[in-house]
Amino acid sequence: MKKSTQKQKYLWERKTDTSLQFWPNDSKEFSLIKPTVPQKYIGKGKGAKITSPKSLAFDALGARGIRHSAITEHASGFYTQRAKENFNFVSFTTGGSATLKIDNKTFKLSKGTLFYASSKSEYILSVSKKWNMVFFHLPAKLSVCDCRYAVENSSRTDEVAFLAQKYLEEISSPTPAYSHLEHLADLLVYCVNSEVGKLGKKKESLSQQILEIPTSKLIFKSAKLVAKELDISLAILNAEFQKLYGTTCAEYIAKLKLDKARTMLAENKKSIGEIAKMCGFASSHSFDKAFFRVMQITPTQYINRTSREM
């Protein structure tokens, strides 16, 4: 590992075969699980800069596979260098920023950024002003993600920060409620695993993702819901639909609904109410309006006309 050239007084330092860390005096870490720092650095009371939860009868996060987790506030001069640790690292940046160097690339971890590093990674993190985050150590054998590392925006950062703070408050309470801790732990683990789990999936092109949505399911969705599920804006979704189908998502879905409705009306085996429901319309009334707007006749008139033509 490289040696630091910084000449600053540190709260504590760590030098091992796999890590090199320097913590400036103003840095803080509020642990949700018993921390890995030496016991002599752990403080007590409100002014403590590194805290450890009191001994509890049950470690809710640990029971769910989290090896270590904390809310941190890193000051200028914070530095950590890791190489092939025995855990996977996940951080959600909640404020400030840090500089990440990995695979000869440099990234800025700013508010809302998720950083994932597998146990096989080698990386350097440094802070020029301040960096606040919530982090988790996951077991190296836990393969929730296939990638070696990833830097992505996370829509769950605020949620993770809120849950972590509530968990910290509960374990710090004179009389912690274990049922509440279990509930918070479930939510935290779900948020972490769901975000990290996305990183391991090969990103298909947006066109491919749209083409793979079954039409049988698409007719029951709104354009806004499709955009939300694909994690894109409605404008981007419509632009992609224009390229694929020459129309907006909403117009394409409306056409699918009416195409299916016309086929079922011509077969005349279901009631209009049943057809409306099976074609994704909220009611027979909305079906009548949508059908008339395009066909200029009602569903009943369409049935009569097709019956005469057969």
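L100 sits in strand β7 of this predicted model, and with a relative accessibility of 0% it counts as buried. Leaving out residues up to four places away in sequence, L100 touches quite a crowd: K105, T106, F107, L109, F115, Y123, I124, L125 and V151. T80 is 20 residues away from L100 along the chain, and the C-alpha atoms of the two are separated by 9.8 Å.

Strand β7 spans residues 87-102, and S91 has its place there too. Like many a residue tucked out of sight, S91 is buried, at 0% relative accessibility. Setting aside its neighbours within four places in sequence, S91 is in contact with T113, L114, F115, W131, M133, V134 and F135. F115 turns up again here, since it is listed among the contacts of S91 and also among those of L100.

The loops on either side of β7 tell another story. K84 lies in the loop between β6, which covers residues 79-83, and β7. Is K84 buried or exposed? K84 is exposed, with a relative accessible area of 55%. Even so, K84 touches T18, S119, K120, S121 and E122, again not counting residues up to four places away in sequence. E229 is a long walk from K84: the two are 145 residues apart in sequence, and their C-alpha atoms are 35 Å apart in space.

N104 belongs to the loop between β7 and β8, the latter being residues 105-110. At 86% relative accessibility, N104 counts as exposed. The backbone of N104 has a quirk as well: its phi is positive, at about 60°, although N104 is not a glycine. Most residues other than glycine have a negative phi. N268 shows a positive phi too, of about 55°, and is not a glycine either. N268 is found in the loop between α8 (249-267) and α9 (272-278). With a relative accessible area of 44%, N268 is partly exposed.

Now for the helical part around α2. K166 lies in helix α2 and is partly exposed, with a relative accessible area of 31%. S128 is 38 residues from K166 along the chain, and 29 Å separates their C-alpha atoms. P174 is found in the loop that runs between α2 (157-171) and α3 (178-199). P174 is exposed, with a relative accessible area of 76%. From P174 to F115 it is 59 residues in sequence and 34 Å in space, C-alpha to C-alpha.

The cysteines come next. How many disulfides does the structure hold? The count is zero. A disulfide is a covalent bond between the sulfur atoms of two cysteines. For C249, the reason is distance: the closest cysteine sulfur, in C279, is 17 Å from the sulfur of C249, so the two are too far apart for a bond. C249 is also buried, at 0% relative accessibility. C191 counts as buried as well, because its relative accessibility is 1%, and the cut-off for buried is under 20%.

Stepping back to the whole chain, its secondary structure comes to eleven helices and twelve strands. How does the chain's radius of gyration, 27 Å, stand against that of a compact globule of 310 residues? Such a globule would have a value near 19 Å, so the chain's 27 Å goes beyond the globule rule of 2.2 Å times the number of residues to the power 0.38. Taken along the principal axes, the C-alpha atoms fill a box of roughly 90 × 50 × 30 Å.

Of the 310 residues, 44% count as buried. The accessible surface of the chain comes to about 17200 Å², and 51% of that belongs to carbon and sulfur atoms. Contacts that reach across the sequence are worth a look as well: among those between residues at least 6 apart, 68% join residues at least 24 apart. As for charge, the chain has 48 positive and 29 negative side chains. The centres of these two sets lie 4 Å apart.

Notes: Residues numbered from 1 in each chain as written. Predicted model: local features only at pLDDT ≥ 70, side-chain atom pairs only at ≥ 80, totals over all residues. Heavy atoms only, no water. Disulfide = S-S within 2.5 Å. Buried < 20%, exposed > 50% of the residue type's maximum accessible area, 1.4 Å probe, protein only. Helix = DSSP H or I, 4+ residues; strand = E, 2+ residues; numbered from the N terminus. Contact = heavy atoms within 4.5 Å. Areas by Shrake-Rupley, 256 points an atom, 1.4 Å probe, with all protein chains shown as cover. Lys, Arg positive; Asp, Glu negative; His and termini not counted. Charge placed at Lys NZ, Arg CZ, Asp CG, Glu CD.
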